[in-house]
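Please read the following account with the sequence and the model side by side. It moves from one helix and its surroundings to the sheet, and ends with some backbone details.

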Amino acid sequence: MIGQLIEAGCRATPGLGRWYLNHYVSIKRFEKQVRSTLGFPAPPSSIDLLLTYACNFTCDHCESSSHPSAEWGLSFDTIARLIHEMVEMRVTHLTITGGEPLVRKDVFDIIELAIQQGLRVHLATNGSLVEQHHERLARLKLASVFTSVDGLEETNDRFRHHPGAFKKTFKALELFEAMGVSPRMVNTLVHPGNLHEMEELGDWIMVSAATCWRIALALPSGRAKGEDRFCLTDDQIRWVLAFIRERRKRFSVMLSEEVGYLGPWDLEVRSKPFTPSEGLSVCAIMPTGDVIGATVLHDAVYSEGNIKDQSLKEIWHNGFQRYRQPVLPEECYACRYFPACGGGKFGMRVGDRHCNKRLWEGGGTA
């Protein structure tokens with residue numbers, strides 16, 4: 001609360017606001033280092049819990065490489081223990097995701113337990129099973145829902161390898177609206193294959209039951225790892241940024257935080273300044289029990305520990321040094337934007353996509 005008041009005061013003060021934005025990441029990282037030095041590191045505010053790698057879709061870009069025959073994941077008893085740990089750690093938000101979490105028969109019991117324990121539960125789903133389970137979902141008090149549409153109907157269904165996916169997703173949004181779940185976010189991965197559809201897709205989303213639209217670029221993880229066909233050129237990215245800026249005048253649209261710091265574009269395409277959150281205020285728990293800082297890198301090589309061997313609290317307190325004291329390329333420390341960027345997102349650094357300054361220094365500005 002104090003930090004929010006300071007931020008509001010700085011942003012409202014002439015002359016101080018721009019300085020604050022330019023040093024936002026450094027200030028936030030310093031706050032966390034002070035807390036850690038004093039012996040009470042801030043708990044994660046939000047945790048992603050991947051219930052399973054199983055999914056009835058096989059999307060071309062899936063971060064977790066999910067597929068229909070994948071095993072479920074952690075047992076209900078283990079997840080119940082984790083939920084109790086989260087409450088003890090004062091975690092406030094839990095996102096239930098996968099894979100497709102609704103393929104698990106006990107997903108409703110898991111969500112109900114988490115809500116009963118005081119967690120605000122968010123559901124990430126492809127939407128295809130919502131109508132089938134809408135009565136059970138309606139009895140839950142979800143804090144929000146997150147789904148995806150990756151183009152107009154033909155493009156989306158081909159991309160997600162599931163005929164009818166487009167219609168099912170928008171139907172699911174209508175059902176969640178009837179349940180009173182809000183916000184209802186739609187995520188879209190923009191790439192060369194659907195870039196020409198963004199204007200029309202935006203019109204679809206604006207008149208749908210969605211309340212906000214999140215636009216993302218390809219991540220170097222899962223099935224999209226090493227896939228250049230998903231990558232936009234710099235001019236195409238600048239077009240996307242300008243598109244978001246214009247759409248924000250009519251609808252709630254934002255660029256995904258995973259893209260990283262965007263200099264003068266930052267507040268044109270987001271509602272708050274960029275700041276790294278991986279391993280600092282968020283983490284993810286994989287179906288294997290591995291705890292990951294970069295919630296988009298679903299690979300055990302980035303594990304900070306496994307909840308089968310340690311408590312979540314121990315892992316949070318003792319791990320995540322690659323995020324809290326990052327070792328960055330020398331050019332990062334010499335960069336004029338470093339206080340505001342902090343080296344960008346770890347999840348993008350592993351694919352060398354973390355630096356975006358060419359987007360505005362190369363002729364494109366906000």
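The buried residues of helix α5 pack against α4, β2, β3 and α6 (134-138), where contact means heavy atoms within 4.5 Å. These buried residues of α5 are V107, F108, I110, I111, L113 and A114, and buried here means under 20% relative accessible area, with exposed meaning over 50% and partly exposed in between, for a 1.4 Å probe and protein chains only. The names of the elements follow DSSP runs, numbered from the N terminus, with helices being H or I runs of at least four residues and strands E runs of at least two. The model is predicted, so that local features need pLDDT of at least 70 and side-chain atom pairs count only at pLDDT 80 or more, whereas totals for chains, interfaces and linings use all residues. Residues are numbered from 1 along each chain as its sequence is written, and side-chain values use heavy atoms, with hydrogens and water left out.

Among the partners of α5, helix α4 can be described in some detail. Two packed helices are described by the angle between their axes and the distance between the axes. For α4 (residues 76-88) and α5 (residues 107-116), the axes come within 10 Å and cross at roughly 20 degrees; that makes α4 roughly parallel to α5. The axes are lines fitted to C-alpha atoms, for helices over the stretch in contact, and angles run from 0 to 180 degrees between N-to-C directions; those under 35 degrees count as roughly parallel, over 145 as roughly antiparallel, 65 to 115 as roughly perpendicular and the rest as oblique. The crossing of α4 past α5 is right-handed, a term used if the near helix is turned clockwise from the far one by less than a right angle. On the α4 side the contact is made by F76, I79, A80 and I83, and on the α5 side by D109, I110, L113 and A114. By class, seven of these residues are nonpolar, none is polar and one is charged. After α5 comes G118, whose phi is positive, near 100 degrees.

The strands β2 and β3 lead from this helix pair into the sheet. Strand β2 (residues 93-97) is mostly covered, with four of its five residues buried, and β2 pairs with strand β3 (residues 120-124) in the parallel sense over four bridges; two strands pair if DSSP finds at least two bridges between them. Toward β3, I96 stands opposite L123, while toward β1 the bridge partner of I96 is L49. Strand β1 (residues 46-50) runs parallel to β2 and is joined to β2 by five bridges, one of the bridge pairs being D48 with T95. Like β2, strand β1 is mostly covered, as four of its five residues are buried. Four bridges join β1 to β8, and these two strands also run parallel, with S46 of β1 and V282 of β8 as bridge partners.

How are these strands ordered in the whole sheet? Ten strands form an open sheet in the order β7-β6-β5-β4-β3-β2-β1-β8-β9-β10, and the pairing is mixed. At the edges stand β7 (253-255) and β10 (303-306), each with a single partner strand, so one side of each is left without a neighbour in the sheet. Neighbouring strands of this sheet are turned by 25 degrees against each other on average, direction ignored. An antiparallel pairing is found between β8 (residues 282-285) and β9 (residues 290-292), which are linked over two bridges, with I285 having V291 as its bridge partner in β9. Helix α9 (residues 198-206) packs on the sheet, touching β5 (184-189) and β6 (212-216), and its direction makes about 150 degrees with that of β6.

Some backbone details remain. Most residues other than glycine have a negative phi, and most peptide bonds are trans. The peptide bond from S182 to P183, however, is cis, with omega near 5 degrees, and P183 is found in the loop between α8 (165-179) and β5. R90 has a positive phi near 70 degrees; this residue lies in the loop between α4 and β2, and R90 is exposed, with a relative accessible area of 56%. H161, also not a glycine, has a positive phi of about 55 degrees and is found in the loop between α7 (153-159) and α8, where H161 is partly exposed, with a relative accessible area of 45%.

Methods: Nonpolar A, V, L, I, M, F, W, Y, C, P; charged D, E, K, R; others polar.
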